[in-house]
Amino acid sequence: MNWKRPLALSMAALTLGSALTACGSDPSAATPVPSAAPTAEIQALSSGTVTAPKYVFLFIGDGMSYPQIQSTADYLGALTDADYWKAEPSLDDNEGAILDGPQYLNFMNFEAAGSAVTYDSNSFCPDSASTATSISTGHKTYSGTINMDETGTIAYETIAEKVHEQLGMSVGVISSVNLNHATPAAFYAHQASRNDYYEIGLELVESGFEYFSGGGLLKPTGAEGDQEDLYTLAKKAGYTVAKTQGEAEAVTEGPVIIIDEHLADGDAMAYEIDRTEDMWSLADHVSKGVEVLEKDEDGFFLMCEGGKIDWACHANDAASSIHDTKALSDAVQVAIDFAAEHPDETLILVTGDHETGGLTIGFAGTDYDTYLNLLESQKISFAKFDSDYVAAYKENKTSFEDVLKDVEELFGLKAEGEEGDKLVLTPYELAQLETAYEKSIHETATGMDEQQEYVLYGTYEPLTVTITHIINNKSGVSFTSYSHTGLPVAVLASGVNAQEFNGYYDNTEIFNKLADMLKVTV
């Protein structure tokens, strides 16, 4: 079934079409490529020496820059290196031990490596809406805006929409967070505010894209709960809506919207650190996407977001960010395996929209040493600890001593232990933890001013974020922010035209390079 777009378009879609026409991006103005013409034969670049990929995979680690990638690789290397601690520079005698180094993630070995600058129209520390807009449309805009100009009156057509309309390619959008969240929305929606979730959801339904999969839709019945349910509208538009793994596994063709059965915080997929074997991974969502989309002879464009990397880094939870970065790498492996069967037709891109948290490898308290394998002691995400433990502590007024028992079991941190055990809390750390416990459980004033409290806790649960700060720092990892930073992001490419993504450039160039090689009208 080569289903492209619902026949009936709403007034909102017609209004959007007018806006696109106003900015010179009306798809109907372009000469479409006949569906019978193999996409791979289209000459994409002006030189005429590079053919367009038939299959495009775009992986976006939300909040993922070099620190998130490298910390994951270093952590995995530390776990497998028997001499890791023996080679620490602080040792007077390391007995000739030599550090093995990181265990490279699959996409770190791609043949092309570029860097993209991420600033937007009003900040060097941009948000996901504006940076995803730059990637998907080639335009800068304000933070919080999705595929609209700074006035909120001109809409920009996305690369996904262009290949769908002009080339007949099928399109898939996957996210570990909500499917109408900023980054996935940037491939099909056009809204002045990323918070207009219902309106974004309407555009999802109207997009006609063949495959959506991941976290649940936010505000599916509108901000006031009085609108027709988005899932009902999707079914009316011809979508299959699958909300259980059984239903998802039975899917063989689109158009389909798959909502992960095991939703966690904020109706997003669970953090990878919390995921159990019976739950679909991000890689499973990609595998199903390939199964659905590869039936199209015109090829496909598949965007997959690892959204919870960002959420973990906002909360300064290094262990959770590492596990979700590894989960993204596992999802990329699905594309690598597919490309092995279609080596002359596939392009794989891995990038980030921005960096989150100011993550760095190194901490003042560990000098030149790191103890990254201590992060293996963390068994639960900050969010699950909040929901499954801290909420009960508040209700039951659990004693600090009993809380410490859970902290040891779930994070490895302990009040007492053998000499040399780096997970033993120092008096300073124990005092920090007790102050945070009193603040969270008993709402006791800390005696600190508002600014000092924000630096320590941000907007997060004081007890939980103090625990993650302590284990981060003991491991030799630290954060500077609870928000985004201005670091450039990696752009790693493999396959057809991968070389085009070498260099140091603005994030809008990701769109420009894709549009050029695919030869779509811009």
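Q: Is Asp-278 buried, partly exposed or exposed in this model?
A: Let's start with where this residue sits in the predicted model. Asp-278 is found in the loop between strand E6 (256-259) and helix H9 (282-293). Its relative accessibility is 49%, and exposed means over 50%, so Asp-278 counts as partly exposed.

Q: Which residues gather with Asp-278 in a patch of negative charge on the surface?
A: A residue needs over 30% relative accessible area to join such a patch, and Asp-278 has 49%. Asp-278 shares the patch with three glutamates: Glu-247, Glu-261 and Glu-277.

Q: How many salt bridges does the structure hold?
A: A pair counts when a side-chain nitrogen of Lys or Arg lies within 4 Å of a carboxyl oxygen of Asp or Glu. Lys-86 and Asp-83 meet in one of these, at 4.0 Å from N to O. For the structure, the count is 15.

Q: How many residues apart in sequence are the parts that Lys-140 and Asp-506 tie together?
A: These two side chains form a salt bridge, with their closest N and O atoms 3.1 Å apart. Lys-140 lies in the loop between helix H3 (128-137) and helix H4 (159-166), while Asp-506 belongs to strand E14 (residues 503-506), so the parts they tie together are separated in sequence by 366 residues.

Q: Are Lys-140 and Asp-506 buried or exposed?
A: Buried means under 20% relative accessible area. Lys-140 has 17%, and Asp-506 has 18%. Both values are under that cut-off, so Lys-140 and Asp-506 are buried.

Q: Which helix holds both Asp-402 and Lys-405?
A: The two form a salt bridge, their closest N and O atoms being 3.3 Å apart. In sequence they are three residues apart, about one turn of the helix. Asp-402 is partly exposed at 36% relative accessibility, whereas Lys-405 is exposed at 55%. The helix that holds both is H13 (residues 400-411).

Q: How many disulfides does the count come to?
A: A disulfide is a covalent bond between the sulfur atoms of two cysteines. Here a pair of cysteine sulfur atoms has to lie within 2.5 Å, and the count comes to zero.

Q: How far from Cys-304 is the nearest cysteine sulfur?
A: Cys-304 is buried, with a relative accessible area of 1%, and is in no disulfide. The nearest cysteine sulfur belongs to Cys-313, at a distance of 17 Å.

Q: Which cysteine has the sulfur nearest to that of Cys-313?
A: Cys-313 is buried too, at 0% relative accessibility. Cys-313 is in no disulfide, and the nearest cysteine sulfur, 14 Å away, is that of Cys-125.

Definitions and conventions: Residues are numbered from 1 along each chain as its sequence is written. This is a predicted model: local features need pLDDT of at least 70, side-chain atom pairs count only at pLDDT 80 or more; totals for chains, interfaces and linings use all residues. Side-chain values use heavy atoms; hydrogens and water are left out. Patches are made of residues with over 30% relative accessible area and no salt bridge: like charges are joined within 9 Å, nonpolar side chains (Val, Leu, Ile, Met, Phe, Trp, Tyr) within 5 Å. Accessible areas come from the Shrake-Rupley method with a 1.4 Å probe; for residues, only the protein chains shown count as cover. Lys and Arg count as positive and Asp and Glu as negative; His and the chain ends are not counted. The place of a charge is taken as NZ of Lys, CZ of Arg, CG of Asp or CD of Glu. Helices (H or I, at least four residues) and strands (E, at least two) are DSSP runs, numbered from the N terminus. Buried means under 20% relative accessible area, exposed over 50%, partly exposed in between (1.4 Å probe, protein chains only).
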